[in-house]
Amino acid sequence: MSIICLFHFCLGCILLFRNVLQGMSSVKIPFLSGVIELVMRASAAFILGHYLGYLGVCFATPCAWVAGAIWLALGYQKIIKKVSINSTLEATQLSFLRLNN
């Protein structure tokens, strides 16, 4: 428990970014985050468990959280950039229409 509690911030980031992305109708990035977490948890358990024993297995879940949080943060940045470009274009088009009327 003392190992996992150090990484609860990453878990919070996962929950925040996943819910925000799903609210923005992006389903692929959160889904792939779950896949990344699963693969990372399994591979970290095998690899770290081999070298560090039980302590390595305890670090498997935090490793999965960190990988998932990084993936979701990058996906969030991509979606926000796309949304801001679209909103800038819409604002430009609206101001152009107002000037022409």
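Okay, let's start with a cysteine. Cysteine 13 has a relative accessible area of 18%, and that's under the 20% cut-off, so it counts as buried. Is it in a disulfide, and which cysteine sulfur is nearest? Cysteine 13 is in no disulfide, and the nearest cysteine sulfur belongs to cysteine 10, 6.1 Å away. A disulfide would need the two sulfur atoms within 2.5 Å. In fact, the structure holds 0 disulfides. While we're on cysteines, cysteine 5 comes out at 41% relative accessibility, so that one is partly exposed.

I should say right away that this is a predicted model. Mean pLDDT for the protein chain is 89, with 86% of residues at 70 or more. Where is the confidence lowest, and where is it highest? The low end is helix α4, residues 60-100, with a mean of 83, and the high end is α2, at 96.

Now the overall layout. The protein chain has 4 helices and 0 strands, so reading from the N terminus you just get α-α-α-α. Of its 101 residues, 24% are buried. The accessible surface is about 7200 Å², and carbon and sulfur atoms account for 72% of that. On contacts, if you take those with a separation of 6 or more, 70% are between residues 24 or more positions apart.

Let's spend a minute on α2, residues 28-52. There are 25 residues in that helix, and at 1.5 Å a residue the span should be 36 Å; the end C-alpha atoms are 34 Å apart, so the two agree. The buried residues in α2 are Ile29, Pro30, Ser33, Glu37 and Ala44. Right after the helix comes glycine 53, with a positive phi, near 75°.

Keep Glu37 in mind, as it comes up again in the next bit. How many salt bridges does a search of the whole structure find? It finds 1. The partners are arginine 18 and glutamate 37, and their closest N and O atoms are 2.7 Å apart. That pair links distant parts of the chain: arginine 18 sits in helix α1, residues 8-23, while glutamate 37 is in helix α2, and they're 19 residues apart.

Are the two partners buried or partly exposed? Glutamate 37 is at 10% relative accessibility, so it counts as buried. Arginine 18 is at 21%, so it counts as partly exposed, because buried means under 20%.

That's what I had, so over to you.

Notes: Residues numbered from 1 in each chain as written. Predicted model: local features only at pLDDT ≥ 70, side-chain atom pairs only at ≥ 80, totals over all residues. Heavy atoms only, no water. Helix = DSSP H or I, 4+ residues; strand = E, 2+ residues; numbered from the N terminus. Expected span 1.5 Å × (residues − 1). Buried < 20%, exposed > 50% of the residue type's maximum accessible area, 1.4 Å probe, protein only. pLDDT = per-residue confidence, 0-100. Contact = heavy atoms within 4.5 Å. Areas by Shrake-Rupley, 256 points an atom, 1.4 Å probe, with all protein chains shown as cover. Salt bridge = Lys/Arg side-chain N within 4 Å of Asp/Glu carboxyl O.
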